[in-house]
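Open the model in your viewer and keep the sequence panel beside it. Each stop below tells you what to select and what you will find there.

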Amino acid sequence: MASTQHSDPSPRGIVVRRALAEGRQADPAGHRIHLAMAAVFMAVLPLGMTPGAKDVMLITLAIFTFLRLPRIHRCYVPLRRDPLVWLIYAYPVWLLLSLTWSPAPALGIEEARVLRMTALPWLLWPVLLHYRTLITSFLVGCGFIVLVQLGQILDAPGLAVDIQGRADAAMQPIQAGLFLVTAAMWLLTGVLFSTGSRGRGLAAAFISSVVGLVLTGSRGPWISLAFATALVLLVIPALI
C-alpha cells in the first residue's frame, strides 16, 4: 500500500488531506475494504473486453460508499465546496435536459449511459489518499490489454486480430488506445520523477504501453499521445 505521507504546502491540499484522513479514522475497517474495492475497480476499468466486470464493480462500489456515508460524510466537504466540481457536472445536466427536445430520445438515453462514470469522483474520494495504489491498479489493467494484444499477434488460442488486422484487445480499438494513452502519460510522468531501477521499470512499462498503442492501429490515440507527450516534456521539467 502506497504511503499517504506526502508534502503538500498549499492550504487547499492541507484541508483536503485532513478531511480524507478524518474519514479514514472514522471508519478504519470500512476504509480498508473501500480501498480494496476501488483498486479492483480501477484494475478492471480498462478491460473493455469484459464490460460486465466494470459495471458490477461500479455498482458494488457505489452501494458500499452509500453505506459508509453516515460515518464519512464529512470527508466530502472539500469536494462539495469546489465550484469546479459543480461546473463539470453542468454538462451532464445539460445533456439530460436536451433529451426533452431530442428527435431521438431513445438514442440519447443510450448515449447518456456513459454519464454513470461521473459518479467516480464521489466513489473514489474517500480513498484518494492512496492515489498511487489506484493508479497502479489501473496500470495493471492496461498491462493486461497489452498481453491480450500480444496474444492476438502471436495467434494464441482464442485470440485473433480483427478483420482489419488490428490487435484491438477484443474491444473497440479507439477505446483500447484511450486507456493505453492514459497509462503512457502516467508512466512517463513517473519516469521523469524517478531514478535507478524504479525509473528503468517505469520506462519499460511506458515503452510497452506505446507498443500496445501502435498495435491498436488507431491513429486518433497516436495523435493524442504525440501532443500529450510534448506537453509533459515541456511543462513538467519546467515545474521541477
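The tour goes from helix pairs to single residues and ends in the loops.

**Before you start**

This is a predicted model, in which local features need pLDDT of at least 70, side-chain atom pairs count only at pLDDT 80 or more, and totals for chains, interfaces and linings use all residues. Residues are numbered from 1 along each chain as its sequence is written, and side-chain values use heavy atoms, with hydrogens and water left out.

Helices here are DSSP runs (H or I, at least four residues), numbered from the N terminus; strands are E runs of at least two.

**Stop 1: α2 and α3**

Select residues 28-44 for α2 and 51-72 for α3. Their axes come within 9 Å and cross at roughly 160°. An axis is a line fitted to C-alpha atoms, for helices over the stretch in contact, and angles run from 0 to 180 degrees between N-to-C directions. α2 is therefore roughly antiparallel to α3. The cut-offs are under 35 degrees for roughly parallel, over 145 for roughly antiparallel, 65 to 115 for roughly perpendicular, and oblique for the rest.

The crossing of α2 and α3 is left-handed. Left-handed means that the near helix is turned anticlockwise from the far one by less than a right angle; right-handed means clockwise.

Now show side chains. On α2, the contact is made by G30, H31, I33, H34, M37, A38, V40, F41 and V44. On α3, the partners are A53, K54, M57, L58, T60, L61, F64, T65 and R68. Contact means heavy atoms within 4.5 Å. Colour the α2 and α3 contact by class and you get 11 nonpolar, 5 polar and 2 charged residues. Ala, Val, Leu, Ile, Met, Phe, Trp, Tyr, Cys and Pro count as nonpolar; Asp, Glu, Lys and Arg as charged; the others, Gly among them, as polar.

**Stop 2: M37**

Stay on α2 and pick M37, which lies in that helix. Is M37 buried or exposed? M37 counts as buried, at 13% relative accessibility. Buried means under 20% relative accessible area, exposed over 50%, and partly exposed in between (1.4 Å probe, protein chains only).

Leave aside neighbours within four places in sequence, and M37 touches M57, T60, L61 and F64. Then draw a distance from M37 to L123. They are 86 residues apart in sequence, yet 10 Å apart in space, C-alpha to C-alpha.

**Stop 3: α2 and α9**

Keep α2 and add α9, residues 131-153. α2 and α9 pack at an angle of about 35°, with their axes 7 Å apart. α2 passes α9 in a right-handed crossing. L35, A38, A39, M42 and A43 in α2 meet T133, L134, S137, F138 and G141 in α9. This contact divides into 7 nonpolar, 3 polar and no charged residues.

**Stop 4: α9 and α10**

Hide α2 and add α10, residues 173-192. The angle between α9 and α10 is about 125°, and their axes are 10 Å apart. The two helices are therefore oblique to each other. α9 passes α10 in a left-handed crossing.

Show I135, F138, L139, C142, I145, V146 and Q149 of α9, which contact F179, L180, T182, A183, W186 and L187 of α10. By class, that is 11 nonpolar, 2 polar and no charged residues.

Pause on C142: this cysteine is buried, with a relative accessible area of 3%. C75 is also buried, at 2%. How many disulfides are there? The count comes to 0, taking a disulfide as a pair of cysteine sulfur atoms within 2.5 Å.

**Stop 5: V148**

Select V148, in α9. V148 is buried at 10% relative accessibility. Beyond neighbours within four places in sequence, V148 is in contact with M49, L159 and A169. M49 is 99 residues from V148 in sequence, but the C-alpha atoms are 9.9 Å apart.

**Stop 6: the loops**

Go from V148 to its contact A169, in the loop between α9 and α10. Most residues other than glycine have a negative phi. A169 has a positive phi of about 60° although it is not a glycine. A169 is buried, with a relative accessible area of 0%.

Now pick D155, found in the loop between α9 and α10. Phi of D155 is positive too, near 60°. D155 counts as exposed, at 58%.

Finish at H73, in the loop between α3 and α4 (77-80). H73 is partly exposed, at 37%. Draw a last distance, from H73 to F206: 38 Å between C-alpha atoms, across 133 residues of chain.
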